[in-house]
Amino acid sequence: MLLVLLLVMLTSCTAIPQNLANKIFTFPQQTNTAHVRVTTSRQDLKAVTVCFRSFTDLNRDHSLFSLATPSADNNFLIFKKAANGLFELWARGKSNTVEGIAYKLNTWHSICSTWNATSGLMQLWVDGVPSSRKFTSSGSNINGPIIIVLGQDQDTHGGGFDINQSFVGMISDVHMWDHTLSSCEIQNYSNNLSFTAGNVLNWYAFEFQTVGRVLIENKQELCQ
């Protein structure tokens, strides 16, 4: 038991708010354990916008952002399919596919997704370009207890990870809001212009725990 507790202490960081400006999470290998568990005090969401930047060379299915509750493991999920330009968007346990997205491997992409409980519409934005808006699920909010995971797809509340759906690459600049951002706000985020930080998740005051081999690194700046 003492050995198990020691390993947990060594492989997990305490959830204390941190300013992660100019930082990235690096997921260097596929596993069914390594992930980042993100903490929020918000437990009732009638609308959602999530934005982040990611970089990967994966050409298989993988999770990019996973929010689960006991009632639905895919309560809000952004999932990249193996096929080029194909994504799955999930809300309240219901899904829709988005096709024809311009998406290259080994490239930093800005990814945002929105959902509203009243209309039930979801939309994906990649590098400031919107997809079609599609009906997914309406009529009820996302209610906690909420667990948010980066690097794995939750097939159960807080677990059920599948190595073949794990993320390998880098993720940065994660923000989440309790409303749908306007087109201009999403494009400002995507273009690294001024924007209002997330009021559910804020990269500049990020509460999280890392489990397994997840590195916190400085952003790599390329010479001009």
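**Exercise 1. Strand β10 and its neighbours**

Find which residue in β10 is the bridge partner of W115, and then work out which strands pair with β10.

*Solution.*

Step 1. Begin with W115: its bridge partner in β10 is M122. Strands here are DSSP runs of E with at least two residues, and helices are runs of H or I with at least four residues, numbered from the N terminus. Two strands pair if DSSP finds at least two bridges between them.

Step 2. Before going on, note what kind of model this is: it is predicted, so local features need pLDDT of at least 70, side-chain atom pairs count only at pLDDT 80 or more, and totals for chains, interfaces and linings use all residues. Residues are numbered from 1 along each chain as its sequence is written, and side-chain values use heavy atoms, with hydrogens and water left out.

Step 3. Now count the bridges. Strand β9 (residues 109-116) runs antiparallel to β10 and is joined to it by five bridges. The two strands form a hairpin with four residues between them, and G120 in that turn has a positive phi of about 75°.

Step 4. Move on to β12 (residues 134-135), which is antiparallel to β10 and joined to it by two bridges. Here M122 stands opposite K134.

Step 5. Finish with β11 (residues 129-130), also antiparallel to β10 and joined to it by two bridges. W125 has P130 in β11 as its bridge partner. The hairpin of β10 and β11 has two residues between the strands, and D127 takes a positive phi near 55°.

**Exercise 2. How enclosed is β10?**

Decide why β10 (residues 121-126) can be called largely enclosed by the rest of the structure.

*Solution.*

Step 1. Use the cut-offs: buried means under 20% relative accessible area, exposed over 50%, and partly exposed in between (1.4 Å probe, protein chains only).

Step 2. Apply them to the strand: five of the six residues of β10 are buried, so the rest of the structure largely encloses it.

**Exercise 3. Pairs of rings**

Classify the ring pair F55 and W108, then the pair F65 and F76.

*Solution.*

Step 1. A pair of aromatic rings is described by the distance of the centres and the angle of the planes. Rings of Phe, Tyr and Trp (its six-membered ring) pair if their centres lie within 6.5 Å; planes under 30 degrees apart count as stacked, over 60 as edge-to-face and the rest as tilted. By this rule there are 11 aromatic pairs.

Step 2. For F55 and W108, the ring centres are 5.7 Å apart and the planes stand at 55°, so this pair is tilted. F55 belongs to strand β4 (residues 47-55) and W108 to the loop between β8 (94-98) and β9, so the pair ties together parts that are 53 residues apart in sequence. W108 is partly exposed, with a relative accessible area of 36%.

Step 3. For F65 and F76, the centres are 6.1 Å apart and the planes at 85°, so this pair is edge-to-face. F65 sits in strand β5 (residues 62-69) and F76 in strand β6 (residues 72-80), 11 residues apart. Both F65 and F76 are buried.

Step 4. To round off the rings, F25, W203, F206 and F208 form one aromatic cluster.

**Exercise 4. Following R53**

Trace which residues are linked with R53 in a network of salt bridges.

*Solution.*

Step 1. Side chains of opposite charge can pair when their charged atoms come close. In a salt bridge, a side-chain nitrogen of Lys or Arg is within 4 Å of a carboxyl oxygen of Asp or Glu. The structure holds five of them.

Step 2. R53 forms a salt bridge with D173, with the closest N and O atoms 2.8 Å apart. R53 lies in strand β4 and D173 in strand β15 (residues 169-177), 120 residues apart.

Step 3. Check the surroundings: R53 is buried at 11% relative accessible area, and D173 is buried at 7%.

Step 4. D173 also forms a salt bridge with K219, where the closest N and O atoms are 2.9 Å apart. K219 lies in the segment after β17 (215-218), so its pair with D173 ties together parts 46 residues apart in sequence. K219 is partly exposed, at 29%.

Step 5. Put together, R53, D173 and K219 are linked in a network of salt bridges.
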